[in-house]
Amino acid sequence: MSQQLAVGIDIGGTNTKFGIVDRRGNILCQDRMSTKAHEEVTMFLEELHQRLTKLIEQVGGIENIRGIGVGAPNGNYYTGNIEYAPNLRWKGIVPLAQMLEDLFGLPTVLTNDANAAALGEMTYGSARGMKDFITITLGTGVGSGIVANGQLIYGHDGFAGELGHVIVVPGGRLHPGTGARGSLESYASATGVTNTALELLEAHPELDSMLRNHSREEIDSKLIYEAAIKGDKLAIEIYEFTGKVLGEALANFVMFSSPEAIVLFGGLTQAGDLIMRPVREHMEVNLLPIFQNKVKLLFSELKESDAAILGASAMAWEMKD
């Protein structure tokens with residue numbers, strides 16, 4: 001059993017999830033804690049050390065652990081640092097991988113959360129056996145990871161693959177976090193879908209919709225989905241528009257790296273055909289003929305609540321002995 005287990009840690013702006021995973025992707029034990037409760041990273045690591053040590057003892061001790069993989073906002077694979085993460089309380093550059101190595105005495109590797117998701121898909125999920133694919137996470141934001149020739153693309157500085165911040169509507173909707181106008185995240189995230197609903201409700205007062213029974217503050221992606229499956233025409237139009245923007249963006253991404261598949265993950269994928277049909281339609285129509293009808297659009301096979309831990313743990317298997 002020696003070194004047949006890996007630790008996966010997913011650091012989010014609100015919570016941190018962590019667990020111990022075997023080579024088949026079974027999470028043997030896991031726990032979670034608050035990220036934002038700790039103003040200082042040293043206090044955060046103190047609690048993490050206590051909690052994770054208990055899990056390591058449960059699986060027979062540290063000699064069974066190959067290493068630690070961490071997914072974090074603005075995590076830099078090359079340096080092992082979290083660098084200027086906008087949604088964490090710890091400002092500036094945090095040498096997190098080195099701090100964890102010092103605490104646990106285990107080799108530690110760090111990347112950003114979306115890259116970790118891509119590694120999880122390649123190791124345990126829909127992209128098993130693939131050497132060229134893109135993962136897109138459609139949640140509160142839009143994250144992505146690009147794998148080409150069997151390797152995750154990090155770029156020269158460790159921050160490649162920010163497809164959510166590619167400009168898809170020049171001069172378009174303002175992204176409050178970045179100040180950019182017209183980025184994919186502004187349209188294809190859960191927040192983007194909500195903003196599309198508010199814009200359409202205002203622009204088309206003549207259109208009847210059950211969404212009008214709710215205040216602006218009450219309208220969210222869940223409510224829009226519930227209206228759409230009941231046949232609400234304005235709600236369906238929201239998905240048509242979102243699918244068009246996303247499909248056009250995916251066409252660009254396909255022509256960039258010629259992936260075998262694009263794996264979609266996150267809350268918006270739960271809308272199923274409501275969003276996938278327009279996405280596929282607008283992707284295919286915008287592709288050059290040599291790329292058409294070649295790229296699989298897949299949903300992630302990883303359970304959403306487990307994916308972040310699995311993705312982070314996958315990095316430990318890549319470590320050199």
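The exercises below work through a predicted model of one protein chain, moving from its overall dimensions to its cores and then to single residues.

**Exercise 1. Overall form**

Task: Work out whether the radius of gyration of the protein chain agrees or disagrees with that of a compact globule, and describe the chain as a whole.

Solution: Begin with the expectation, which for 321 residues is a radius of gyration near 20 Å in a compact globule; the protein chain has 20 Å, and so the two agree. Next, take the extent along the principal axes, where the C-alpha atoms fill a box of roughly 65 × 45 × 35 Å. Then turn to the secondary structure, which consists of 9 helices and 12 strands. Of the contacts between residues at least 6 apart in sequence, 62% join residues at least 24 apart. As for the surface, 54% of the 321 residues count as buried, while the accessible surface comes to about 14,900 Å², with 51% of it belonging to carbon and sulfur atoms. Finally, consider the charges: the mean positions of the 26 positive and the 39 negative ones lie 3 Å apart.

**Exercise 2. The nonpolar cores**

Task: Identify which element gives the largest share of the largest nonpolar core, and locate the residues that touch the most other members.

Solution: The largest nonpolar core has 43 residues, and those touching the most other members are I136, L211, I224, L250, I262 and M283. The elements giving two or more residues to this core include the strands β8 (133-138), β9 (142-148) and β11 (261-265), together with helices such as α5 (190-203) and α7 (233-257). Of these, α7 supplies the largest share, with 11 residues. Apart from this core lies another one of 31 residues, among them L45, V59, I68 and A72.

**Exercise 3. I238 and its surroundings**

Task: Determine whether I238 is buried or exposed, and which residues it contacts beyond its neighbours within four places in sequence.

Solution: First place the residue, since I238 lies in helix α7. Its relative accessibility is 0%, and because buried means under 20%, I238 counts as buried. Leaving aside neighbours within four places in sequence, I238 is in contact with V193, T196, A197, L200, L211 and I224. For one of these partners the separation can be stated in two ways, as I238 and V193 are 45 residues apart in sequence but 6.9 Å apart in space, C-alpha to C-alpha. The list can also be read from the other side: L211 touches I238, and among its further partners are L201, I219, L223 and I224, again not counting residues up to four places away in sequence.

**Exercise 4. T111 and helix α9**

Task: Establish how many residues of helix α9 are buried, and which residues T111 touches.

Solution: Helix α9, residues 304-317, is mostly covered, with 11 of its 14 residues buried; M315 is one of the buried residues. M315 is also touched by T111, whose other partners, beyond four places in sequence, are V70, G71, A72, G75, Y77, A116 and Y154. T111 itself is found in strand β7 (residues 108-111), and with a relative accessible area of 0% it is buried.

**Exercise 5. Positive phi values**

Task: For N74 and Y84, state what phi is and where each residue lies.

Solution: Phi of N74 is near 55°, a positive value in a residue other than glycine, and phi of Y84 is likewise near 55°. N74 sits in the loop between β4 (65-71) and β5 (82-83), whereas Y84 sits in the loop between β5 and β6 (93-94). With a relative accessible area of 26%, N74 is partly exposed, while Y84, at 56%, counts as exposed.

Key: Residues numbered from 1 in each chain as written. Predicted model: local features only at pLDDT ≥ 70, side-chain atom pairs only at ≥ 80, totals over all residues. Heavy atoms only, no water. Core = buried A, V, L, I, M, F, W, Y, C linked by side-chain atoms within 4.5 Å. Buried < 20%, exposed > 50% of the residue type's maximum accessible area, 1.4 Å probe, protein only. Helix = DSSP H or I, 4+ residues; strand = E, 2+ residues; numbered from the N terminus. Contact = heavy atoms within 4.5 Å. Rg over C-alpha atoms; globule rule 2.2 N^0.38 Å. Areas by Shrake-Rupley, 256 points an atom, 1.4 Å probe, with all protein chains shown as cover. Lys, Arg positive; Asp, Glu negative; His and termini not counted. Charge placed at Lys NZ, Arg CZ, Asp CG, Glu CD.
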